[in-house]
Amino acid sequence: MSTKNEAVKALQKRKKEVLEQWMKNQLQDEGLRNNLISDEDQQQTSDELLNLLIDALNDSSIEDAHSRDFEKVLDVLSGISISRAKQGFSPRETGVYIFGLKEALLTTLQKDIKDPAQLYSESLKLSKLLDNFAISSFETFIKGREEVILRQTDEITEISTPVIHVWDGVLAMPIIGTLDSARTQIVMENLLQEIVETGSSIAILDISGVPAVDSLVAQHLIKTVSATRLMGAECIISGIRPEIAQTVVHLGIDLSTIITKATLASALKTAFSMLQLEVTKKSKSNLLQQSNR
Amino acid sequence: MIVVLNKDELRIIKEQDVVPYRNRVKEHAVKIGMGLVNQTKLITAASELVRNMLKYGGGGIAIIETVSKGRENGIRLIFSDKGPGIKDISLAMKDGYTTGRSLGLGLPGTKRLVSEFNLESEEGKGTTVTVIKWKNG
Ligand SMILES: Nc1ncnc2c1ncn2[C@@H]1O[C@H](COP(=O)(O)OP(=O)(O)O)[C@@H](O)[C@H]1O
Ligand SMILES: [Mg+2]
């Protein structure tokens, strides 16, 4: 079965010219970050992509961007988009890459198809095809970026739950941001491990930095307190702002079994009294001692 | 009569959509000058309903509206999903009732936190929850 479509024939014949033109188009766009990818790598991937595209083009596929013939092309394209997203390319650069190919294909077509009507209709088909590739590569580009964001979120979650040893036997853990299920797991693990390692008997969870306490967050807090108690330590929750206290009551959450304090300072005071420690002002106690004498 | 002054629509399909959505609700509340306590109640209600929509409804659309009725301004939130729906609404509205091993306070608690609460659900079709918090309500 031989190819009838003039455009397909022309492109098969002039593959090398298309590649050269494409590379030239890319270099022309100013502000491209050539240093992120070497010219050789670029050339090689582009060559591979173009080969796949021209192999996939035939009389019927040129009319149908969703043809299964383009599966491999789309695979390679999405691989390129994802790796570019992760390397920090801008969407513009990825766009220029694909639209540069479109331009090269259309320019090359002009050399072989002289009839304007035919040139127009074939150009339109190719345009549609390439626009579709561009859209799908933008979609994957964004997916690649989202993966980066998700990874960063994980990293932040891990570093944002420090356990602070505030006194012999007293740990404090400020929680900042939302306490979702994944985060609670890490908070709990870090806290319990630190309790064991330091032999602490009191843990203070400070939630001043938690924007809202809904029933899910409350459930996580209750769970954390129970786990702490199972370890033989007591857990105090501090940093409950007045508006949060009111909201929690209206929601119907029962925190009566938990020691709650408005501020970290008052939680620390409670911890001291539980440990039967007393903090007194030096001068005052001196005065007292003198007067006792 | 309730007049809509401003409308915002967000698609909620994953856990990561919750925080940006809540922040958006807060922006709307701040813009009409809602006080801190009512703001917190509204955001907490929003959080409950958006989590329900994700957990039980498989995600859906969350609409945030600035509305006015007479001289009162407020925020209206609409959550609609095409999930399995709720078979027994009065049961779901009971404190402590849950099919998800959580506290079972989301729906009844939300009703106590807002000024107006409406739940419509049809089995197999989906659920729509609408709440209004008036600025001074
Ligand atoms: N959007 C929804 N679609 C289907 N079922 C729902 C939806 N929202 C709530 N429910 C049902 O109502 C019950 C009570 O919800 P809620 O009061 O928020 O408590 P919880 O979320 O802790 O279960 C849920 O366990 C669930 O069975
Ligand atoms: Mg709920």
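Visitor: What makes the connection between E2(B) and E3(B) a hairpin, and which residue there takes a positive phi?

Guide: In this predicted model, strand E2 (residues 60-69) of chain B and strand E3 (residues 72-81) of chain B pair in the antiparallel sense over ten bridges. Two residues lie between the strands of this hairpin, and B:Gly70 takes a positive phi near 60°.

Visitor: How do you know that E2(B) and E3(B) count as paired strands?

Guide: Two strands pair if DSSP finds at least two bridges between them. For E2(B) and E3(B) there are ten bridges, so the pair satisfies that criterion. Particular positions show how the strands are aligned: B:Gly60 stands opposite B:Asp81 in E3(B), and B:Thr66 stands opposite B:Ile75 in E3(B).

Visitor: What holds paired strands of a sheet together in general?

Guide: Strands of a sheet pair through backbone hydrogen bonds, and the pairing is either parallel or antiparallel.

Visitor: Which other strand is joined to E2(B), and by how many bridges?

Guide: Strand E1 (residues 2-12) of chain B is joined to E2(B) by ten bridges, and the two run antiparallel. Within this pair, B:Val3 stands opposite B:Ser68 in E2(B).

Visitor: Why are E1 and E4 of chain B called edge strands?

Guide: The sheet of chain B is open, with five strands in the order E1-E2-E3-E5-E4 and antiparallel pairing. E1 and strand E4 (116-122) of chain B each pair on one side only, and this is what the term edge strand expresses. From one strand to the next, the twist averages 15°.

Visitor: How do you know that E3(B) pairs with E5 of chain B, and in which sense?

Guide: Eight bridges link E3(B) with strand E5 (residues 126-134) of chain B, in the antiparallel sense. With a requirement of at least two bridges, these strands therefore count as paired. B:Arg76 stands opposite B:Ile132 in E5(B), and B:Phe79 stands opposite B:Val129 in E5(B). H1(B) packs on this sheet, where it touches E1, E2 and E3 of chain B, and its direction makes about 5° with that of E2(B).

Visitor: Why does the sheet of chain A have sides left without a neighbour?

Guide: In chain A, five strands form an open sheet in the order E1-E2-E3-E4-E5, with mixed pairing. Strand E1 (164-167) and strand E5 (259-261) of chain A stand at the edges with a single partner strand each, so one side of each has no neighbour in the sheet. Neighbouring strands of this sheet are turned by 30° against each other on average, direction ignored.

Visitor: Which sense of pairing joins E3 and E4 of chain A, and which helices lie on the sheet?

Guide: Strand E3 (residues 202-209) and strand E4 (residues 234-238) of chain A run parallel and are joined by five bridges. A:Ile204 stands opposite A:Ile236 in E4(A). Helix H8 (residues 215-230) of chain A packs on the sheet and touches E3 and E4 of chain A, its direction making about 150° with that of E4(A). Helix H7 (residues 181-198) of chain A lies across E1, strand E2 (170-176) and E3 of chain A, and runs at about 165° to E2(A).

Visitor: How do you know whether chain A is a compact globule or an extended one?

Guide: A compact globule of 293 residues would have a radius of gyration near 19 Å, whereas chain A has 33 Å. Chain A thus departs from the value for a compact globule. Its C-alpha atoms fill a box of roughly 115 × 40 × 30 Å along the principal axes. Chain A is divided into domain 1 (6-156) and domain 2 (164-284), and 55 Å separate the centres of these domains.

Visitor: What makes up the contact between chains A and B?

Guide: The contact takes 16 residues from chain A and 21 residues from chain B. Helix H1 (18-31), H2 and H4 of chain B each supply at least two residues of the side that touches chain A. The largest share of that side, nine residues, comes from H2(B). By class, the side of chain B that touches chain A has eight nonpolar, six polar and seven charged residues.

Visitor: Where does ligand 1 lie, and which residues come nearest?

Guide: Ligand 1 lies between chains A and B. Of the 24 residues around ligand 1, those that come nearest are B:Asn52, B:Thr98, B:Ser102, B:Gly106 and B:Leu107. Helix H2 (36-55) and helix H4 (106-113) of chain B are the elements that give two or more residues to this shell. The shell has ten nonpolar, twelve polar and two charged residues.

Notes
Residues are numbered from 1 along each chain as its sequence is written. Chains are lettered from A and ligands numbered from 1 in the order in which they are written. This is a predicted model: local features need pLDDT of at least 70, side-chain atom pairs count only at pLDDT 80 or more; totals for chains, interfaces and linings use all residues. A residue is near a molecule or strand if its C-beta atom, placed from the backbone, lies within 6 Å of it. Helices (H or I, at least four residues) and strands (E, at least two) are DSSP runs, numbered from the N terminus. Ala, Val, Leu, Ile, Met, Phe, Trp, Tyr, Cys and Pro count as nonpolar, Asp, Glu, Lys and Arg as charged, and the others, Gly among them, as polar. Two residues are in contact if their C-beta atoms, placed from the backbone, lie within 7 Å. Domain bounds come from an automatic or database domain assignment. Axes are lines fitted to C-alpha atoms, for helices over the stretch in contact, and angles run from 0 to 180 degrees between N-to-C directions. The radius of gyration is taken over C-alpha atoms; the globule rule is 2.2 Å times the number of residues to the power 0.38.
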